[in-house]
Amino acid sequence: MKELHELKKITILSGAGLSQESGIKTFRDANGLWENHPIEEVASPGGYQKNPELVQNFYNLRRRQLKEVQANAAHLAIADLEKLEQKDVLIITQNVDDLHERAGSKNIIHMHGELRKIRNTKTNEIKYWEEDILEKDYLSWRPDIVWFGEEIKGAQRIYQHLVDTELFIAIGTSSQVYPAAQFFQIVKENHGLCVELNLEPTQMSSYYDLSIQGKASEVVPSFLKKLYADEL
Ligand code: BV8
């Protein structure tokens, strides 16, 4: 069994808890409801068809908020690890914010899409968009976000990377959304090590090799330090 600092191929799965200390609400904090609508109703194709104004405003609000928030110490610690020559780090994020990018990370798959992108509902053209989607465009442009019932992005690249991942680290996710919640199982089947860093235990904690509770801005920098050879 290799020592932690000898593990080279690292996959990080991040969730809303990673951005919570940056001021972005998690789904649980908002107890999954928004304006009395369950998140699946608002973040779904059916919800968009039924009430495009409600859904577009839900995303307009969150897109505006991006301008007011900053990456936190956990995002920065992840970006530092990625810069190490001897590490091969892939970040799979469930988050639709751009805080990993702003912290300096490069190798990122936004499996649930990105708030800063919109997609044309007729042509599927995707473009960066930092402003509100206006009423006149409610039906022609939608957030380029993966809603419930829609195929995740980057699936092939994700599964290819998971099968030879030596160290899988889930950060700030309640592991209640699939298929992300099951990624660690692929790593375990291929004899990789699985670590969970989260404020509280989750339904998957007992299946991880190591589960550490705490705030991301504290537990992430302190755990990632163990991956540096010279730290020993
Ligand atoms: C799909 C975009 C199929 C929207 C999101 C089994 C297999 C496959 C699918 C399913 C399945 N069972 C059910 C499904 C369907 C569904 C699903 O998972 N439903 C759930 C409700 C059961 N999955 C899907 O629909 C997925 N698509 O499978 O497609 C398919 C196949 C072929 C063809 C067509 C279709 C797509 C799911 C994507 C949905 N979109 N996001 C948006 O963001 O607006 S999900 C959304 O919610 C987020 O992206 C995120 O992924 C999820 C919330 O999860 P978390 O990130 O974990 O956030 P949460 O608040 O839950 O937890 C935060 C954690 O942080 C907590 O534990 C908390 O303790 C901790 N925390 C808080 N503060 C801190 C902290 N930790 C550290 N420090 C802190 N400071």
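Here a biologist and a modeller talk through a predicted model with a bound ligand.

Biologist: What makes Arg62 and Tyr178 part of the shell around the ligand?

Modeller: A residue counts as near if one of its heavy atoms lies within 4 Å of the molecule. There are 34 residues around the ligand, and the closest include Arg62 and Tyr178, along with Gly149, Thr173 and Ser174.

Biologist: Why is the pair between histidine 112 and the ligand called a polar contact?

Modeller: The cut-off is 3.5 Å between N or O atoms. A side-chain N or O atom of histidine 112 sits 2.9 Å from a ligand oxygen, so the pair is within the limit. Threonine 173 passes too: one of its polar side-chain atoms is 2.7 Å from an oxygen of the ligand. With valine 146 the backbone does the job, as a polar atom there lies 2.8 Å from a ligand nitrogen. As for cover, the protein takes up 78% of the 1,500 Å² of accessible area that the ligand has on its own.

Biologist: How do you know that the ligand lies between domain 1 and domain 2?

Modeller: Both domain 1 (1-24 + 71-112 + 152-232) and domain 2 (27-68 + 128-151) give residues to the shell, so the ligand lies between them. Looking at helices, H1 (16-20) and H4 (52-65) each supply at least two shell residues, and H1 gives the most, with three.

Biologist: What is the mix of residue classes in that shell?

Modeller: It has 13 nonpolar, 13 polar and eight charged residues.

Biologist: Now the sheets. What makes E5 and E11 edge strands in the six-stranded one?

Modeller: The order is E5-E4-E1-E9-E10-E11, an open sheet with parallel pairing. Strand E5 (108-110) and strand E11 (210-213) each have a single partner strand, so one side of each has no neighbour in the sheet. From one strand to the next, the twist averages 15 degrees.

Biologist: How do you know that E10 and E11 pair?

Modeller: Pairing needs at least two bridges. Strand E10 (193-198) and E11 have four, in the parallel sense, so they qualify. Leucine 197 stands opposite isoleucine 212 in E11.

Biologist: And what makes E6 and E8 a pair?

Modeller: The threshold is again at least two bridges. Strand E6 (113-120) and E8 are joined by four and run antiparallel, so they pass. Isoleucine 118 has proline 143 in E8 as its bridge partner. The sheet they belong to is open, has three strands in the order E7-E6-E8 and pairs antiparallel. Strands E7 (126-128) and E8 (141-145) are its edges, each pairing on one side only. Ignoring direction, neighbouring strands there are turned by 45 degrees against each other on average.

Biologist: Why is the bond between tyrosine 178 and proline 179 called cis?

Modeller: Its omega is about 0 degrees. Most peptide bonds are trans. Proline 179 is in the loop between strand E9 (167-171) and helix H8 (183-189).

Biologist: What makes the phi of serine 175 worth a remark?

Modeller: Most residues other than glycine have a negative phi. Serine 175 is not a glycine, yet has a positive phi of about 50 degrees. Serine 175 is found in the loop between E9 and H8.

Terms used
Residues are numbered from 1 along each chain as its sequence is written. This is a predicted model: local features need pLDDT of at least 70, side-chain atom pairs count only at pLDDT 80 or more; totals for chains, interfaces and linings use all residues. Side-chain values use heavy atoms; hydrogens and water are left out. A polar contact is a pair of N or O atoms within 3.5 Å; within protein, one must be able to donate a hydrogen and the other to accept it, and residues adjacent in sequence count only if both atoms are side-chain atoms. Accessible areas come from the Shrake-Rupley method with a 1.4 Å probe; for residues, only the protein chains shown count as cover. Ala, Val, Leu, Ile, Met, Phe, Trp, Tyr, Cys and Pro count as nonpolar, Asp, Glu, Lys and Arg as charged, and the others, Gly among them, as polar. Domain bounds come from an automatic or database domain assignment. Axes are lines fitted to C-alpha atoms, for helices over the stretch in contact, and angles run from 0 to 180 degrees between N-to-C directions.
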